[in-house]
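I opened a notebook page for this one and went through it element by element. The entries below follow the order in which I looked things up.

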2 protein chains.
Amino acid sequence: MSDCRIVKGGVVSAKGFRAAGVPARIKYEGRNDVALIVADAPCSAAAVFTTNKVAAAPVLYDRQIAKGGRAQAILANSGCANACTGEDGLADAKLSALVCAGELGIDPSLVFVASTGVIGRRLPMDRLLGGMKAAKAAFGRTAKHGLDAERAIMTTDTKPKQACATATVGGKKITVGGMSKGSGMIEPNMATMLGFITTDAAVSPAMLKRALGLAIAKSFNRLVVDGDESTNDSVFLLASGEAGNSEITRGGADFDAFLEALEKVAVSLARQMAKDGEGATKFVTVRVKGARSVRDAERAARAIAKSPLAKTSWFGRDPNWGRVLAAAGYSGAEVDDSKAEVFYGRERAFGRGEIADARQLERLAAVMEKDEFEITVDLHLGKGECEIYTCDFSLDYVHINADYTT
Amino acid sequence: MSDCRIVKGGVVSAKGFRAAGVPARIKYEGRNDVALIVADAPCSAAAVFTTNKVAAAPVLYDRQIAKGGRAQAILANSGCANACTGEDGLADAKLSALVCAGELGIDPSLVFVASTGVIGRRLPMDRLLGGMKAAKAAFGRTAKHGLDAERAIMTTDTKPKQACATATVGGKKITVGGMSKGSGMIEPNMATMLGFITTDAAVSPAMLKRALGLAIAKSFNRLVVDGDESTNDSVFLLASGEAGNSEITRGGADFDAFLEALEKVAVSLARQMAKDGEGATKFVTVRVKGARSVRDAERAARAIAKSPLAKTSWFGRDPNWGRVLAAAGYSGAEVDDSKAEVFYGRERAFGRGEIADARQLERLAAVMEKDEFEITVDLHLGKGECEIYTCDFSLDYVHINADYTT
């Protein structure tokens, strides 16, 4: 039986990793904006990046690094996305990786770089590199070091995000820990975000890549904040091997145990991100079942989670379930409203032609008073199921995004 | 040369039509909510309906009527969508058409019904039919009658919408006039809205259907407010033939002249709807050109027009052009940011790797001070072009939609 469990911790909880976060005035005054994560030795590494055709310079750079399957450090900044910056931006990304490698005394092909923030501005290289040096001077293995790094990658996030899980793999205790940012522009393929996950399990690069893909499919790709997909989304996974298990090189019990811990961390981070969606006041799990296919279930759930009309009704605690069903209706999924049922929590809003009465609408509104609730649409057409994590659309979402650049 | 021009007028401007709008307390107190449009004799008729799988009862009913290609009256109400109301809702739609036909002394197969408002509530039949009778007692051919009808179909619209155009067809002056509603849930395939267009041109049902499809493709289908698609979208077109032109039964100069007038009316209504989008403070035309294909141009333009991040930045007059390009990037269209250019009005925000400087950003912000502006993305990859009408996402959008049902 699995002993996998969530524990307190983050990106420095696994053996072999240090981190730091420092203020470098990239954009903001008086807050951390440069993070450095460094492993004691070269690690197995895997990464997944945005599918946006307009990919930021660090993404273009990291795609090459990721091919090697090895990494030892990640240099990240907030305040500037280094996107739409052309050849110059790519040169900046490369130079920052090279200088970072030099400072750490490691091979440049082992350094990832990650940026998040405003699109279309050049990186202030002096500040970034100054920050990197300060981070190197400061880095360490305590919870405080992890928290400093978490804070440095925040943009409009209101809270740092960390998660950690332990499991037994091949008789050894292994730890998976991580941190992430990303509260607007969160969408699938994959969620617009930065994620940094470390583990002390020994896993081959190929199996690490496979595990990361599987974990993302169940976590960050289940996340919808506003339906926008960024130019910078990246999730990195580094495995130090210091737990001492015999290296996972194929599927089997060890891989499954490792994957379970990784998924727990990724799902926890994804849920934290939905809860901290820009201006979010409600964390909503949209569950579609009984769809003709899994693909149909996903289409319908994503359409509901993205619908501005549904999301604003959640903000207003308005049990306007018709908007939920209408979104399923235009999603491309097969929907027959004479068969479909809609639930808010356990309260039925609509079922096979039966409409909630005034008293029932009050019960739905009561469900929506909670900070977290679940909306379930049962299409009664098949066995397809999908769950998406999302949040409401509030006045603050508009406030935050009406005035972000300036 | 065409003498087609926009003139003042609406749904009763063409010869042979009368209209009325009356208060019937379907939902609102003290405002019109039942509209009736009646032709003096049976007309050629065409209609286009929502593609949402969850189609409202009146849509299901009207689809059958539309097959006949003839109609003489349209009974419409706001305040209740008669959607997700199952067999009972369908019976209500049918009954209201039958009673209306009886009252008017015409064949029931010549009556369309249309509803807009809250989903999942039964029509208050007594009020609707009382309203219909009052409307019949009140109807007439003056501008005031048209305006009364326009007001009766408004939901969250802040202004009634009408448009009229005249042209010469086969030596006769013809008139096309119309009215529409729809300020939230506006999206393609087709725009979520109700539209009622009348003409005194003589056009066969088949050619009327063709003209309506072509006109919608250039107008209502170019409209994006929030990306939601309703259960009730319908556009009706009735042709009385009283202009005395010889009936248009095939393509050619007469058809083209009629189509031009119809398109002018439809585009005018679509633009009025974008300007009156829920909470809209900015009317924005998104133009994508240089796309690899027309389909790519449309994908990119729609993604930009739907992007909550782009729309909130317009509201905030924040020249965050990166969000515009990022939306094109995830649209599925081919995008190469080393080639693409982005303009706000005539001001270049980004071009082939060159980023707007601070002074240029000020000029972009100045463009955004206007109530209407155009955003152009030139992808420089081909000849595909598409223009979409849309609006910003404001605090009022959230206010309006957080509390609609109640």
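**Entry 1: the S6–S7 hairpin, chain A**

I began with strand S6 (residues 161-169) of chain A, which is joined to strand S7 (residues 172-181) of chain A by nine bridges, the two running antiparallel. I note that this is a predicted model. I checked one pair in the ladder: A:Ala165 has A:Val176 in S7(A) as its bridge partner. Two residues lie between the strands of this hairpin, and A:Gly170 has a positive phi there, near 55°.

I then looked for other partners of S6(A). Strand S1 (residues 5-7) of chain A is joined to S6(A) by three bridges and runs antiparallel to it. A:Val7 faces A:Cys164 of S6(A) in that pairing.

How many of the nine residues of S6(A) are buried? I found eight, so the strand is largely enclosed by the rest of the structure.

**Entry 2: strand S10, chain A**

Next I took strand S10 (234-239) of chain A. Six of its six residues are buried, so S10(A) too is largely enclosed by the rest of the structure. I checked both faces. A:Ser234, A:Phe236 and A:Leu238 are buried on one side, and A:Val235, A:Leu237 and A:Ala239 are buried on the other.

Which strands pair with S10(A)? I found S3(A), antiparallel over six bridges. I also found strand S8 (residues 194-199) of chain A, joined to S10(A) by six bridges and running parallel. On the S3(A) side, A:Ser44 is bridged to A:Ala239. On the S8(A) side, A:Phe196 is bridged to A:Phe236.

**Entry 3: helix H1, chain A**

I listed the buried residues of helix H1 (residues 57-67) of chain A: A:Ala57, A:Pro58, A:Val59, A:Tyr61, A:Asp62, A:Ile65 and A:Ala66. They pack against several elements of chain A, including strand S3 (34-49), helix H2 (86-104) and strand S10 (234-239). Just after H1(A) I noted A:Gly69, with a positive phi near 75°.

**Entry 4: helices H5 and H6, and the core**

I turned to a helix pair. Helix H5 (residues 205-217) of chain A packs against H6(A) at about 45°, the axes being 9 Å apart. That angle makes H5(A) oblique to H6(A). The crossing is right-handed. From H5(A), A:Met207, A:Ala211, A:Leu214, A:Ala215 and A:Ile216 meet residues of H6(A), among them A:Phe255, A:Phe258 and A:Leu262.

A:Phe258 came up again when I looked at the core. Which residues have the most contacts inside the largest nonpolar core? They are A:Phe258 and B:Phe258, in a core of 292 residues. Setting aside residues up to four places away in sequence, A:Phe258 touches A:Ala167, A:Val169, A:Ile174, A:Ala201, A:Val203, A:Ala211 and A:Ile248.

In chain B I looked at B:Ala215, which sits in helix H5 (residues 205-217) of that chain. Is B:Ala215 buried or exposed? It is buried: 27 other C-beta atoms lie within 10 Å, and 20 are enough to count as buried. Beyond neighbours within four places in sequence, B:Ala215 contacts B:Leu259, B:Leu262, B:Glu263 and B:Ala266. I also looked up B:Asp256, 41 residues from B:Ala215 along the chain; their C-alpha atoms are 11 Å apart.

**Entry 5: the seven-stranded sheet, chain A**

Seven strands of chain A form an open sheet with mixed pairing, in the order S9-S16-S11-S15-S12-S13-S14. Strands S9 (223-224) and S14 (354-355) of chain A are at the edges with a single partner each, so one side of each has no neighbour in the sheet. S9(A) runs parallel to strand S16 (residues 384-391) of chain A, with two bridges between them. A:Val224 is opposite A:Thr390 of S16(A).

I then asked what lies on this sheet. Helix H6 (residues 253-275) of chain A lies across S9, S11 and S16 of chain A, at about 50° to S16(A). Helix H10 (residues 358-369) of chain A also packs on the sheet, touching S12, S13 and S15 of chain A, with its direction at about 125° to that of S13(A).

**Entry 6: the sheet of chain B**

I repeated the search in chain B. An open sheet of seven strands has the order S9-S16-S11-S15-S12-S13-S14 there, with mixed pairing. Strands S9 (223-224) and S14 (354-355) of chain B are its edge strands, each pairing on one side only. S12(B) and S13(B) pair antiparallel over four bridges. In that pairing B:Glu341 is opposite B:Gly351 of S13(B). Helix H6 (residues 253-275) of chain B packs on this sheet and touches S9, S11 and S16 of chain B, at about 50° to S16(B). Helix H7 (residues 294-306) of chain B packs on the sheet as well, its direction making about 20° with that of S16(B).

Notes
Residues numbered from 1 in each chain as written. Chains lettered and ligands numbered in written order. Predicted model: local features only at pLDDT ≥ 70, side-chain atom pairs only at ≥ 80, totals over all residues. Pairing = 2+ DSSP bridges. Contact = placed C-beta atoms within 7 Å. Axes fitted to C-alpha atoms, helices over the stretch in contact; angles between N-to-C directions. Buried ≥ 20, exposed ≤ 12 C-beta atoms within 10 Å, placed from the backbone. Core = buried A, V, L, I, M, F, W, Y, C linked by C-beta atoms within 7 Å. Parallel < 35°, antiparallel > 145°, perpendicular 65-115°, else oblique. Left-handed = near helix turned anticlockwise from the far one by under 90°.
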